[in-house]
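Open the model in your viewer and keep the selection box at hand. The tour goes from one selection to the next and says what is found at each stop.

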Amino acid sequence: MDIDKDCIHHFPSLWMETASEPDVSVPLDGDTSAEIAIVGEGFTGLCCAISLADAGRDVVLIDGGGPGWGGSGRNSGAVIRGFKMGRTALSERFGETGDAMFEFGTRNAEMLYGLVERFGIDCQLRKTGWVLPAHNAAGLRSVQDRHATWVKDGVTGVELLDRQETAKAVGSDAYIGGLIDRECGVLQPFSYARGLARAAHSLGVRVYGQTRVTHKTYSGGHWYLQTPAGKIKAKTVVIATDAWTDKLEPRMSDRMVSTHSQIVATAPLPPSIADSLLPEGPCASDSRRILLYWNKTPDNRIVFGTRGKVDGPKTDGDFAHVEKAMVALYPALKGAKITHRWGGRIGLTRDFMPRIDQPQPGLWTAHGYSGRGVAMGTAFGLLMGEAIAANRSTSTLPVPVGPAPDLPPKFTHRAGIVRATLWYRLLDRWM
Ligand SMILES: Cc1cc2nc3c(=O)[nH]c(=O)nc-3n(C[C@H](O)[C@H](O)[C@H](O)COP(=O)(O)OP(=O)(O)OC[C@H]3O[C@@H](n4cnc5c(N)ncnc54)[C@H](O)[C@@H]3O)c2cc1C
């Protein structure tokens with residue numbers, strides 16, 4: 001991870017500029033020690049720290065940027081609950097824990113809402129639902145199948161929408177039907193990440209930013225994390241670095257494709273335009289494989305994202321496809337001023353499922369949310385913290401555990417990711 005070369009320096013996000021929570025992190029200054037050291041101040045690391053601190057543990061958090069510097073502060077803010085698989089598929093794939101996984105996934109948005117309320121996090125949380133519109137007949141079949149599976153699995157709060165209802169919910173007649181999950185929501189993600197850091201800090205966690213861990217070693221029953229500013233000694237280390245993992249833990253980085261997703265935000269729109277777009281305020285992401293995702297902020301901006309350049313954007317022109325897709329959906333936005341453009345990495349596993357892993361004794365990792373880490377990263381972090389505090393084995397956890405599946409060799413190369421993206425785009429057009 002080369003922080004200095006990251007696209008966020010050229011393309012600061014709307015969220016960074018409008019954050020309402022303070023930054024409680026300070027740079028590390030000299031050697032220190034703790035019972036547990038967590039690398040990564042995204043939702044995973046921050047929530048893990050909160051549950052460990054709740055259990056009375058001595059914790060340090062450390063990040064090369066700071067709270068929310070990675071995906072957690074750059075995403076579109078959609079709080080979407082659940083794993084991508086239904087109850088039956090989870091049981092077929094993961095055996096007897098499948099049922100517990102399904103229940104855990106379905107509760108993950110609730111866990112996030114609980115933290116926001118408990119710590120009074122000022123992050124513009126709106127429980128306005130998530131709309132999944134279908135872009136073609138195959139997309140509609142998949143949306144209908146998903147709805148039928150959820151209903152069979154006992155999930156409440158999910159409704160199918162016909163063509164007119166979808167057009168009304170989205171504010172565009174580009175879709176042929178869809179569904180809404182009313183238990184989902186949307187928030188300002190950078191403020192949420194900073195609010196979690198403030199909460200962890202208030203529970204006694206030391207929060208260090210601008211301090212990159214360059215490598216880790218294990219000796220005499222302790223881990224040592226080396227940084228340019230000093231060494232951190234800890235009995236237990238948690239690596240919560242997701243798509244930015246690099247070589248700090250190869251068992252994560254070798255099993256994850258890291259590619260970029262990019263977002264644009266309009267200036268606040270006049271009510272004559274804004275009122276008809278997402279009138280009830282849900283977030284939306286459509287049925288394409290290379291999906292479009294968007295929402296409306298409380299000050300009436302449209303925040304709109306889709307796939308990015310594999311290595312991240314370099315110029316404003318690298319966002320042209322995002323703006324084009326937004327205007328195709330909402331012609332009224334032609335000529336609307338774009339005030340912010342930004343991007344971030346997404347960590348994809350082969351089966352698009354996240355994992356909690358214990359590569360060595362005293363070393364824990366969680367990663368691979370595959371574009372769905374707002375609620376799931378929160379829930380995984382809380383769960384991992386509870387498991388460490390209670391000395392639980394990973395095999396008892398209601399989530400996929402162990403290393404993610406190996407990637408096919410071609411997917412570890414840039415050219416392979418580009419080819420796969422093109423292939424999925426073609427499939428989106430045909431089926
Ligand atoms: C553009 C975009 C849009 C998205 N939209 C959504 C959405 O709407 N809904 C949703 O659910 N998910 C979305 N996601 C995915 C979601 O943001 C991520 O899954 C989630 O934030 C991952 O959280 P995390 O805590 O595991 O990792 P991150 O938030 O990525 O945090 C990892 C941290 O590790 C730090 N780090 C890495 N290496 C080191 C090191 N060596 N030393 C010190 N620190 C290090 C980084 O600085 C970073 O802060 C989106 C992602 C992107 C990029």
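Begin by selecting Asp242, in a model that is predicted. Asp242 counts as buried because 28 other C-beta atoms lie within 10 Å, and the cut-off for buried is 20 or more. Asp242 sits in the loop between strand E12 (230-239) and helix H10 (250-253). Look at its backbone as well: phi is positive, about 35 degrees, although Asp242 is not a glycine. In general, most residues other than glycine have a negative phi.

Go on to Ser370, which also has a positive phi without being a glycine; here the value is near 50 degrees. Ser370 is in the loop between strand E19 (363-367) and H13. Is Ser370 buried or exposed? Ser370 counts as buried, because it has 21 C-beta neighbours inside 10 Å.

**Helix H13 and the core**

From Ser370, move along to helix H13 and select residues 373-389. What does H13 give to the largest nonpolar core? H13 gives ten residues, the most to this core. The core itself has 121 residues, and those with the most contacts inside it are Ala37, Ala49, Leu196 and Ala200.

Select Ala49 from that group. Which residues does Ala49 contact, leaving aside its neighbours within four places in sequence? They are Ile38, Val59, Leu61, Ala200, Val205 and Gly385.

**Two helices side by side**

Now show helix H2 (residues 43-54) together with H13. In general, a packed pair of helices is described by two values, the angle between the axes and the distance between them. For H2 and H13 the angle is about 35 degrees and the axes are 7 Å apart. The crossing of H2 past H13 is right-handed.

To see the contact, colour the residues on each side. On the H2 side they include Phe43, Leu46, Ala49 and Ile50. On the H13 side they include Val374, Phe380, Met384 and Gly385. Sorted by class, the contact between H2 and H13 has 13 nonpolar, eight polar and one charged residues.

**The annotated stretch**

Select residues 36-386, which an unreviewed UniProt entry annotates as "domain: FAD dependent oxidoreductase". Over residues 36-386 the chain is 33% helix and 27% strand. The C-alpha atoms at the two ends of residues 36-386 are 13 Å apart.

**Four further stops**

Select Gly65, in the loop between strand E3 (59-62) and helix H3 (71-74). Gly65 counts as buried because it has 21 C-beta neighbours inside 10 Å. Not counting residues up to four places away in sequence, Gly65 touches Ile3, Gly70, Gly209 and Gln210. Add Lys231 to the selection: Gly65 and Lys231 are 166 residues apart along the chain, and their C-alpha atoms are separated by 17 Å.

Next is Ala89, in helix H4 (residues 87-94). With 15 C-beta neighbours inside 10 Å, Ala89 counts as partly exposed. Draw a distance from Ala89 to Asp99, ten residues away along the chain; the C-alpha atoms are separated by 9.7 Å.

Then select Lys334, in the loop between helix H12 (320-329) and E17. Lys334 counts as exposed because it has 10 C-beta neighbours inside 10 Å, and a residue with 12 or fewer is exposed. How far apart in space are Lys334 and Lys324, C-alpha to C-alpha? They are 8.9 Å apart, with their positions ten residues apart in sequence.

End at Asp351, in the loop between strand E17 (338-348) and strand E18 (355-360). Asp351 is partly exposed, with 15 other C-beta atoms within 10 Å. A line drawn from Asp351 to Val322 joins C-alpha atoms separated by 26 Å, for residues 29 apart along the chain.

Methods. Residues numbered from 1 in each chain as written. Predicted model: local features only at pLDDT ≥ 70, side-chain atom pairs only at ≥ 80, totals over all residues. Core = buried A, V, L, I, M, F, W, Y, C linked by C-beta atoms within 7 Å. Helix = DSSP H or I, 4+ residues; strand = E, 2+ residues; numbered from the N terminus. Contact = placed C-beta atoms within 7 Å. Axes fitted to C-alpha atoms, helices over the stretch in contact; angles between N-to-C directions. Left-handed = near helix turned anticlockwise from the far one by under 90°. Nonpolar A, V, L, I, M, F, W, Y, C, P; charged D, E, K, R; others polar. UniProt positions renumbered as here; feature names shortened; annotations may be inferred.
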